Amino acid sequence: MNKFLLPICILFFLSCKKNKTDTTPILTEDASTFKEIASLTIGGLGAAEISTYDPLTKRLFTVNNSTTNQIDVIDFANPASPQKIAIINLTNYGGAVNSLDVRDGKLAAALEASNKQAAGKVVVFNTATYAEIKVITVGALPDMITYSPDGNFILTANEAEPSADYTNDPAGTVSIIMVNQNYAVTTIDFSAFLSQQNTLMSNGLRIFSPTNNFVNDIEPEYITVAEDSKTAWVTLQENNAIAVLDLTTKTFTKILPLGFKDYNAADNKIDVSDLDNAKTLANWQLKGMYQPDAIAVLNNNGVPYLFTANEGDAREYTAFSEVKRVKTLNLDATVFPNAATLKLDPQMGRLNVTNKLGDTDNDGDMDVLYSFGARSFSVWNGLTGSLVYDSKNELDAKAIAENVYDDARSDDKGAEPEGITIGKVGNKTIAFIGLERVDAVALYDVTIPTNPIFIKMLKCGDAPEGVLFIPASKSPTNESLLVVSSENDGVIKVYKADKL
């Protein structure tokens, strides 16, 4: 062999061998370096509530109810410089648009009726031309919409809130739209569980209203769907529960009551007063209802883990309200021997609690106090409903440490976690939790779903509602992106991480 050729062959052989066994790390993204790269204002109050991204057209579509009922279309080909390019006018379809999702070039919008107690609509548009594809009738007040991962279903959580005078309270439902069957729809309520009402309520399900009507009192809020598109989980926020939906049979199979959080436990210290001139976390003789808003599912070793943002919500209408401040309630003297002190404003006096739960012996005074929400995010076993993790008071504590906590919300729901989404960033799985009252998003490493680890907080617009993760595989720049939409100031912010 040529004496010059031999060394070349050896080098070639070694390089091939190295390529097969090389363990040199591939450049990846570092979630701890997420930072803002762009900001776009599309309106004022009521704008930028929810956004969704279409990878085919490289466009963002954002709810905008600040002036008229419309969807704003944003050129997102360059995420560092998003530009509003069009609107989709929805005034001919009835009431406000509440939620959006997109799949395969089809934008699905959920719209409530002008009369919120009437049937709502889902309108499907072409993402390239904005042409209407289909209008589908769904249940009352479709408040959230999502495609299943396989694109075969569109699901809406139809909250069905009552009228202010409570003379019209429609049934809470979920609508299942079959995309490949000319958008045929099945809308289902919870009447199949009526015979289980007492058992479910004894386990923590809340059924309460002027009529105490089981079917009408249940109010679906948010939906997440399993990777295989066979199962969905639906938060029932006011009811403090999660429902399990079989998409194959189009039936609910379970209602999972979530129970209560003990604020007297060591790691659950909270601030309960907006008039104590301090951001001090302490234990209180108090329980919290989890009452999740957004929900996301993460499958790990065959177990679907449900991540919930435990915002809390109350029924508060002209003809019926469960919200009372502690200082206005009659507290049981045996359980609360220091009631007079507790009722002071710098103590628990200002705290909002429910008056529809807590009189355990029916003697007219409160034996247990229950506040709204859990000021946390939780992880639940989606098969059994058991709690496997709760962030306890970490969201409030981190917000205080970073000087973004709003003490004016201490008497209500603290940082108020509302939105949640999960995505893969580099070799880690990250949960993004929108904190409505501190105008921030908390990032957690949830690669091990039962042991989330706090990473950082990102400041965003006023009252973040939509928390959208765009994976690198669908991103216009092949980079993981976070898009946060805020409803009080109409601001959309875009974030990305650095490469390792």
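**Exercise 1. Which residue in E15 does tyrosine 222 stand opposite? Place the pair in its sheet.**

Solution. The model is a predicted one, and in it tyrosine 222 stands opposite threonine 235 in E15. To place this pair, begin with the two strands: E14 and strand E15 (residues 231-236) pair in the antiparallel sense, over 5 bridges. Next, widen the view to the open sheet, in which 4 strands follow the order E14-E15-E16-E17 with antiparallel pairing. Strand E14 (220-225) and strand E17 (251-257) stand at the edges, and because each has a single partner strand, one side of each is left without a neighbour in the sheet. Finally, neighbouring strands of this sheet are turned by 25 degrees against each other on average, direction ignored.

**Exercise 2. Describe how E8 and E9 are joined, and what is found in the turn between them.**

Solution. Strand E8 (residues 119-126) and strand E9 (residues 132-140) run antiparallel and are joined by 6 bridges. For one partner in detail, take phenylalanine 125, whose bridge partner in E9 is glutamate 132. The two strands form a hairpin with 5 residues between them, and tyrosine 130 in the turn has a positive phi of about 70 degrees.

**Exercise 3. Is aspartate 274 buried or exposed, and what does its side chain meet?**

Solution. First locate the residue: aspartate 274 is in the loop between strand E18 (260-262) and strand E19 (287-289). Its relative accessibility is 18%, and because buried means under 20%, aspartate 274 counts as buried. Then turn to its surroundings, where, leaving aside neighbours within four places in sequence, aspartate 274 is in contact with Arg350, Asp407, Ala408, Ser410 and Asp411. With one of these, arginine 350, the side chain of aspartate 274 makes a polar contact of 3.0 Å.

**Exercise 4. For three salt bridges, state which parts of the chain are linked and how accessible the partners are.**

Solution. The structure holds 17 salt bridges, among them the one between lysine 84 and aspartate 72, whose closest N and O atoms are 3.1 Å apart. This pair links distant parts of the chain, with lysine 84 in strand E5 (residues 83-89) and aspartate 72 in strand E4 (residues 70-75), 12 residues apart. Lysine 84 is partly exposed at a relative accessible area of 40%, whereas aspartate 72, at 0%, counts as buried.

The second salt bridge joins the side chains of glutamate 322 and arginine 206 at 2.6 Å, N to O. Glutamate 322 lies in the loop between strand E21 (303-309) and strand E22 (323-325), and arginine 206 in the loop between helix H2 (197-202) and helix H3 (214-217), so the pair ties together parts that are 116 residues apart in sequence. Both glutamate 322 and arginine 206 are buried.

The third is formed by the side chains of lysine 327 and aspartate 345, at 3.0 Å, N to O. Because lysine 327 lies in the loop between E22 and helix H4 (339-342) and aspartate 345 in helix H5 (residues 345-349), the pair ties together parts that are 18 residues apart in sequence. Lysine 327 is partly exposed, at 34%, and aspartate 345 also counts as partly exposed, at 24%.

**Exercise 5. Over which residues does pLDDT stay under 50, and how should that stretch be read?**

Solution. The protein averages a pLDDT of 95, and 95% of the residues score at least 70. Over residues 3-26, however, pLDDT stays under 50, and the model has 2 contacts beyond four places in sequence for this stretch. Where pLDDT is low, the predicted coordinates should not be read in detail.

Methods. Residues numbered from 1 in each chain as written. Predicted model: local features only at pLDDT ≥ 70, side-chain atom pairs only at ≥ 80, totals over all residues. Heavy atoms only, no water. Pairing = 2+ DSSP bridges. Buried < 20%, exposed > 50% of the residue type's maximum accessible area, 1.4 Å probe, protein only. Polar contact = N/O pair within 3.5 Å; in protein donor to acceptor, adjacent residues only side chain to side chain. Contact = heavy atoms within 4.5 Å. Salt bridge = Lys/Arg side-chain N within 4 Å of Asp/Glu carboxyl O. pLDDT = per-residue confidence, 0-100. Axes fitted to C-alpha atoms, helices over the stretch in contact; angles between N-to-C directions.
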